[in-house]
Number of protein chains: 2
Amino acid sequence: MNSFNQLLLKFEDYFNVRHFPISPATLYDPAQYILGIGGKRVRPVCVLMGNELFDEIKQDTYLAATAVELFHNFTLIHDDIMDKAPLRRGMETVHMKYGEATALLSGDATFVQAYVYLSKLHPDALQKVLPLFNKTALEVCEGQQLDMDFEKKETVSMEEYVEMITLKTSVLLAACLKLGSILGGASVGNQDHLYEFGKNLGIAFQIQDDYLDAFGDPSKFGKQVGGDILSNKKTFLMIHALETAPASEKEKLNQLLQSSPADKVEQVLNIFRNAGVDAWALQLKNEYYEKAMHHLEEIAVMNKRKEPLRQLAQFLIQREY
Amino acid sequence: MNSFNQLLLKFEDYFNVRHFPISPATLYDPAQYILGIGGKRVRPVCVLMGNELFDEIKQDTYLAATAVELFHNFTLIHDDIMDKAPLRRGMETVHMKYGEATALLSGDATFVQAYVYLSKLHPDALQKVLPLFNKTALEVCEGQQLDMDFEKKETVSMEEYVEMITLKTSVLLAACLKLGSILGGASVGNQDHLYEFGKNLGIAFQIQDDYLDAFGDPSKFGKQVGGDILSNKKTFLMIHALETAPASEKEKLNQLLQSSPADKVEQVLNIFRNAGVDAWALQLKNEYYEKAMHHLEEIAVMNKRKEPLRQLAQFLIQREY
């Protein structure tokens with residue numbers, strides 16, 4: 001059994017090569033560029049972990065992990081175009097560096113390359129893996145579309161927000177673990193528990209991300225604290241505050257959503273605190289975390305094999321920053 | 001054996017359903033919209049023809065044909081974004097109707113849906129079909145990138161242009177025929193001859209398209225005659241003229257490429273005619289057509305099974321308008 005960090009090293013070792021033809025460089029260099037920006041490689045390592053929960057890691061699993069990482073980077077390239085984002089992990093986004101048309105096309109090529117890796121799986125593995133990969137890819141598109149739709153909607157219910165977050169981020173984490181478990185020979189029941197573990201963990205992670213954006217320690221949190229508030233983002237916190245704050249506070253919040261006073265972040269945080277949004281968010285996060293852990297416990301393998309996944313969950317969720 | 005038109009009816013019958021989930025409509029309606037604009041469905045019918053050249057049409061072949069048509073429409077959505085095209089087949093393009101971000105994402109979803117259909121193939125068929133599908137998808141991306149690169153390049157050689165056209169349009173036609181032949185149980189040798197038939201036919205078709213844009217009968221040609229000249233497009237004709245016209249004519253041509261006199265089309269056509277570009281183009285088209293027919297003849301099946309493909313080639317190439 002390997003820890004997350006050990007598996008990360010193994011994956012990096014496998015993944016740190018050029019994944020595209022040399023020519024035309026105008027198409028493939030932008031695709032290779034975003035892979036070089038790095039990132040935490042959480043998703044491909046989850047594929048390896050899903051496999052190793054049940055059996056030794058197979059060669060096919062590295063192929064599937066690579067496909068997943070390429071897919072993830074394809075979504076980053078296209079999301080950045082849609083969001084008009086200038087930076088990603090402190091570096092120029094692909095469309096800023098190479099232009100929108102090329103970024104769009106390089107994203108497409110990155111997506112195809114994901115399927116190139118999948119096509120190298122053994123036929124019986126491919127048959128099991130491809131439908132889940134496709135289903136997840138469609139769901140991620142749906143999540144991104146809902147996210148864009150919500151920007152234009154006046155009110156978003158908590159149920160709608162959870163669905164969007166689930167599609168946009170959680171199902172990919174869940175699918176990575178399940179893909180690995182399929183390749184590791186898990187039973188369908190165990191696959192499904194692992195999927196639910198990943199899905200709930202993903203939602204808990206997003207709640208924490210929303211929480212830290214508002215209440216995190218600026219010296220530890222990687223991004224600007226209050227960024228979601230400044231961009232009027234509908235987050236777990238904002239939606240809950242709008243749903244539960246007293247009428248007068250709710251009115252104030254709605255006014256703040258349509259204006260930009262200098263102390264906007266402070267004012268919104270005060271309303272959040274008065275409505276008890278901070279404690280509520282931590283409790284909700286914990287509920288999803290507990291649900292995730294429940295599904296992990298239900299998986300019928302020796303307890304000690306689950307240790308790396310428990311550590312991953314704690315690392316993702318209980319981080320202090 | 002069925003003619004192209006008979007197979008077209010069969011395919012339309014199979015294809016004219018909704019190919020996407022109902023919700024979120026904001027994502028899937030734009031994807032369904034472009035399928036409804038129609039088009040000639042040449043590519044999916046070629047998949048059916050490739051199969052029927054060797055054997056009765058299998059259910060898997062309809063799935064592969066659907067995947068190819070979805071892939072083609074995905075490229076149309078994204079190409080129209082890149083080219084900032086307002087219209088396609090006389091209708092609003094997806095990005096004009098629904099916005100660029102949604103068009104980009106709907107294109108992605110359409111592409112995933114192509115793989116959803118492929119994933120339903122029998123495992124042994126999938127294993128043979130997927131690598132060719134992926135390879136072709138990457139080549140089409142390469143062709144589109146080269147096309148965009150050429151717009152910024154001062155000179156493009158004939159060799160470079162043929163490569164771009166081959167990647168951007170011919171390999172998909174070739175791959176469609178080959179996909180069908182794989183599913184129809186063709187030998188590798190026969191598959192390869194059919195691929196070369198499609199590839200050379202595709203190039204011949206493009207030469208004709210370039211020719212008609214300059215010398216076509218305006219009453220029969222669907223598009224504005226001289227459109228390529230007005231947009232300074234590097235076509236077979238323009239590249240050949242720049243490569244072979246006498247120095248003085250070449251200089252005139254270069255000046256015309258940087259200006260827009262009222263009689264620009266007429267002036268360029270005169271240079272083309274003086275340099276014999278029109279006769280040259282017809283001859284080049286014929287050379288590729290003959291190459292295509294040679295590969296068709298080499299395929300080891302009864303002569304009469306090839307009749308529909310011969311008719312298709314004549315329809316595509318020898319049209320008068």
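How many of the eleven residues of helix H3 (residues 42-52) of chain A are buried? In the predicted model examined here, the count is ten of the eleven, so helix H3 of chain A is largely enclosed by the rest of the structure. The buried positions are A:Arg43, A:Pro44, A:Val45, A:Cys46, A:Val47, A:Leu48, A:Met49, A:Gly50, A:Asn51 and A:Glu52. Packing against these buried residues of H3(A) is provided by helix H1 (4-15), H4, helix H8 (158-183), helix H9 (188-215) and H15 of chain A.

The confidence assigned by the predictor was considered both for the chain and for the complex. Chain A has a mean pLDDT of 95, with 98% of its residues at 70 or more. For the complex, the predictor gives an ipTM of 0.95 and a pTM of 0.95.

The secondary structure of chain A consists of 15 helices and two strands. With a radius of gyration of 20 Å, close to the 20 Å given by the globule rule for 321 residues, chain A is as compact as a globular protein of that length. The C-alpha trace of chain A extends over about 60 × 50 × 35 Å along its principal axes. Of the 321 residues in chain A, 50% are buried. Among contacts in chain A between residues at least 6 apart in sequence, those joining residues at least 24 apart account for 74%.

The largest nonpolar core comprises 202 residues, of which A:Ala64, A:Leu118, A:Val129, B:Ala64, B:Leu118 and B:Val129 touch the most other members. Domain 1 (1-163) and domain 2 (187-321) of chain A each contribute at least three residues to this core. In soluble globular proteins, nonpolar side chains tend to be buried together. The surroundings of A:Val129 include two of the residues already named: with neighbours within four places in sequence left aside, A:Val129 is in contact with A:Ala64, A:Leu118, A:Leu121, A:Leu179 and A:Ile182.

The relation between the two chains was examined by superposition. A turn of 180° and a shift of 0.0 Å along the axis lay chain A on chain B with an RMSD of 0.0 Å. The two copies are thus related as by a two-fold rotation axis. Both copies use the same surface, since 100% of the contact residues of chain A recur in chain B. Of the residues of chain A, A:Pro123 comes closest to the rotation axis, its C-alpha lying at 3.1 Å.

The contact between the chains takes 33 residues from chain A and 33 residues from chain B. On the side of chain A that touches chain B, two or more residues are given by each of helix H2 (25-36), helix H4 (59-83), helix H6 (100-118) and helix H7 (123-152) of chain A. The most is given by H7(A), with 16 residues.

A further local environment is that of A:Ile299, which lies in the loop between helix H14 (277-298) and helix H15 (307-317) of chain A. A:Ile299 is buried, with 23 other C-beta atoms within 10 Å, where 20 or more suffice for that class. Not counting residues up to four places away in sequence, A:Ile299 touches A:Asn190, A:His193, A:Leu194 and A:Lys306. A separation of 30 Å between C-alpha atoms is found for A:Ile299 and A:Phe236, which are 63 residues apart along the chain.

Note on methods
Residues numbered from 1 in each chain as written. Chains lettered and ligands numbered in written order. Predicted model: local features only at pLDDT ≥ 70, side-chain atom pairs only at ≥ 80, totals over all residues. Helix = DSSP H or I, 4+ residues; strand = E, 2+ residues; numbered from the N terminus. Rg over C-alpha atoms; globule rule 2.2 N^0.38 Å. Buried ≥ 20, exposed ≤ 12 C-beta atoms within 10 Å, placed from the backbone. Contact = placed C-beta atoms within 7 Å. Core = buried A, V, L, I, M, F, W, Y, C linked by C-beta atoms within 7 Å. Domains from an automatic or database assignment. Least-squares fit on C-alpha atoms with pLDDT ≥ 70 in both. pLDDT = per-residue confidence, 0-100.
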